[in-house]
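User: I would like to go through the labels attached to this model and see how each one is justified. Please set each value against its cut-off before drawing a conclusion.

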There are 2 protein chains.
Amino acid sequence: MPAGFNVDEMKKLDDMVEKRRRVKQGELLFNSGDTFTSLYAIRTGFFKTCVTIEDGREQVTGFQMAGEIIGMDGIVTDRHNCNAIALEDAEVCVMPFAMVEDLSRELPALQRHVHKIMSREIVRENSVMMLLGNMRAEERLAAFLLNLLQRLHARGLSQSELVLRMTREEIGSYLGLKLETVSRAFSKFSEEGIIEVKQRYVKILAPEALKKIFNPQTYF
Amino acid sequence: MPAGFNVDEMKKLDDMVEKRRRVKQGELLFNSGDTFTSLYAIRTGFFKTCVTIEDGREQVTGFQMAGEIIGMDGIVTDRHNCNAIALEDAEVCVMPFAMVEDLSRELPALQRHVHKIMSREIVRENSVMMLLGNMRAEERLAAFLLNLLQRLHARGLSQSELVLRMTREEIGSYLGLKLETVSRAFSKFSEEGIIEVKQRYVKILAPEALKKIFNPQTYF
DNA sequence: ATTATCATTTGATGTGTATCAAAGTTATTT
DNA sequence: AAATAACTTTGATACACATCAAATGATAAT
């Protein structure tokens, strides 16, 4: 949440996010088609969002962690346009969107914050489009790992190791790859001494090498 | 722009979009890195937005036509995060974002409208991710054509013919394909009698066949 | 503890699209 | 009108990733 509010304003913000909701691993926070009422601020846990088409194909559109906001896909049609599934036991703050809008009109800093969050999501999706449209498997995985590390690091965790919350298949779905290809890319990085992998645990041995794969030309 | 405003409110909205800007074909409306100040409502013309990486790779992230809003990528960092280029001579309304925010606080209907526009963009990008991650070349092209047709039809134009404003290469960049692949898919559709193509002119002979390609399972 | 289930790895082979190349077409410039 | 540049089409070949398959390793259930 943004800074720079007085006591009275903080009170209103507090009231807005009063309600909590627990979501167990594997459970849905919301489903595509559900009536949209609220945005959700993740307090703890880890989510994936995904869209599906009728023939069963699924595209993971994002992975979200503590401190991030989900649900903005629902604003345009008053119904959710993707599914949000907890990848580990999670707790979210429920923020009724009508209240967010009301309060935004009173508090320019909140208004600005909401706009930035939505804009950030648009920009993030732009880079995923670049990734899906232009990058090769190993570049995609390197970009993915670096992004996760950066976000975890911003939360005070190590920038050299992480525990993946998702399966190879889910990573593949996000990256537009099959799970076998993801597995092979992990193995390749491991053979080259760039990372150490033991199932979901990943240790980064050579972050520079990862960055070089992600962005080859800056090193030529 | 949204409906349901009184005379006084309409006046304020009018003032907000007072300034116009002409952009000639091939010119930039804004560039990645430019300071963000305004959203732009396209009055006439046709744009593409794209992101680039240092080694020259480019990803077209969208095509925008009259009535659509661009520039929301700039809100999060106060700098634009993509390029917007006119594909034909265009005119836009400049909407200083500070004014949009000010007025949004007064006019809930405008506030809601802004939120919906941003949410719509998020949802659109979700479907592009599905397209890039899961669909084959012909499905992508069918989806692309159907989407263009639907948007043109909503503007009172034919739903059975269109003139493309972009090159095969730009279509390919948007769809994560090379221009040759796009060309071959056009030729294939043409051979099958689904469309008639003469350069940028496209006539849809069998819309149902296109929908079937885009979404095979609903017809089995 | 044992079985069953699910996730991951690795190998062999197939395929859709990229790449390379050249010709044809349209638009622009002089 | 001719020349040039830009765009498009089509063919031949290459390659990255998908698919199919089987083994291994982890996790959950009985």
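**Labels and their grounds**

Analyst: A polar side-chain atom of R184(B) lies 2.9 Å from a base nitrogen of DNA strand D. This is a predicted model, and the distances discussed here are computed from it.

User: What makes the approach of R184(B) to a base nitrogen of DNA strand D a polar contact?

Analyst: The separation is 2.9 Å, and a polar contact needs a pair of N or O atoms within 3.5 Å, so the pair qualifies. On the same strand, a base oxygen is 3.0 Å from an N or O atom in the side chain of R184(A), and a phosphate oxygen is 2.5 Å from an N or O atom in the side chain of S187(B). The elements that give two or more residues to the surface near DNA strand D are helix 6 (179–191) of chain A and helix 6 (179–191) of chain B, with helix 6 of chain B supplying the largest share, 5 residues.

User: Which residues come closest to DNA strand D, and which part of the strand do they face?

Analyst: Of the 18 residues that surround DNA strand D, the closest are A137(A), K178(A), T181(A), R168(B) and S187(B). Sugar and phosphate account for 66% of the strand's atoms that come within 4 Å of the protein. By class, this surface has 3 nonpolar, 7 polar and 8 charged residues.

User: How do you know that T181(B) makes a polar contact with DNA strand C?

Analyst: An N or O atom in the side chain of T181(B) is 2.2 Å from a phosphate oxygen of DNA strand C, and because the limit for such a pair is 3.5 Å, the label applies. Phosphate oxygens of DNA strand C also lie 2.8 Å from an N or O atom in the side chain of R168(A) and 2.9 Å from a polar side-chain atom of S183(A). Helix 6 of chain A gives the most to the surface near this strand, with 5 residues.

User: Why is Q111(A) called buried or exposed?

Analyst: Q111(A) has a relative accessible area of 3%, and buried means under 20%, so the residue is classed as buried. Q111(A) lies in helix 3 (residues 108–134) of chain A, and its contacts, apart from residues up to four places away in sequence, are S104(A), E101(B), S104(B) and R105(B). The side chain of Q111(A) reaches the backbone oxygen of E101(B) at 2.9 Å, and a polar contact of 2.8 Å joins it to the side chain of R105(B).

User: What makes the pair D78(A) and K116(B) a salt bridge?

Analyst: The closest N and O atoms of D78(A) and K116(B) are 3.6 Å apart; a salt bridge requires a side-chain nitrogen of Lys or Arg within 4 Å of a carboxyl oxygen of Asp or Glu, so the pair meets the criterion. The count between chain B and chain A is 6 salt bridges, alongside 28 residue pairs in polar contact, both residues at pLDDT 80 or more. On the side of chain B that touches chain A, helix 3 of chain B provides the largest share, 20 residues.

User: How is the size of the interface between chain B and chain A expressed, and what is its value?

Analyst: The size of an interface is often given as the accessible area lost when the parts come together. Between chain B and chain A that area is about 4,600 Å², of which carbon and sulfur atoms give 58%. In terms of contacts, 50 residues of chain B meet 50 residues of chain A.

Notes: Residues are numbered from 1 along each chain as its sequence is written. Chains are lettered from A and ligands numbered from 1 in the order in which they are written. This is a predicted model: local features need pLDDT of at least 70, side-chain atom pairs count only at pLDDT 80 or more; totals for chains, interfaces and linings use all residues. Side-chain values use heavy atoms; hydrogens and water are left out. Helices (H or I, at least four residues) and strands (E, at least two) are DSSP runs, numbered from the N terminus. Buried means under 20% relative accessible area, exposed over 50%, partly exposed in between (1.4 Å probe, protein chains only). Contact means heavy atoms within 4.5 Å. A polar contact is a pair of N or O atoms within 3.5 Å; within protein, one must be able to donate a hydrogen and the other to accept it, and residues adjacent in sequence count only if both atoms are side-chain atoms. A residue is near a molecule or strand if one of its heavy atoms lies within 4 Å of it. Ala, Val, Leu, Ile, Met, Phe, Trp, Tyr, Cys and Pro count as nonpolar, Asp, Glu, Lys and Arg as charged, and the others, Gly among them, as polar. Buried area is the accessible area (1.4 Å probe) that two parts lose on being put together, summed over both.
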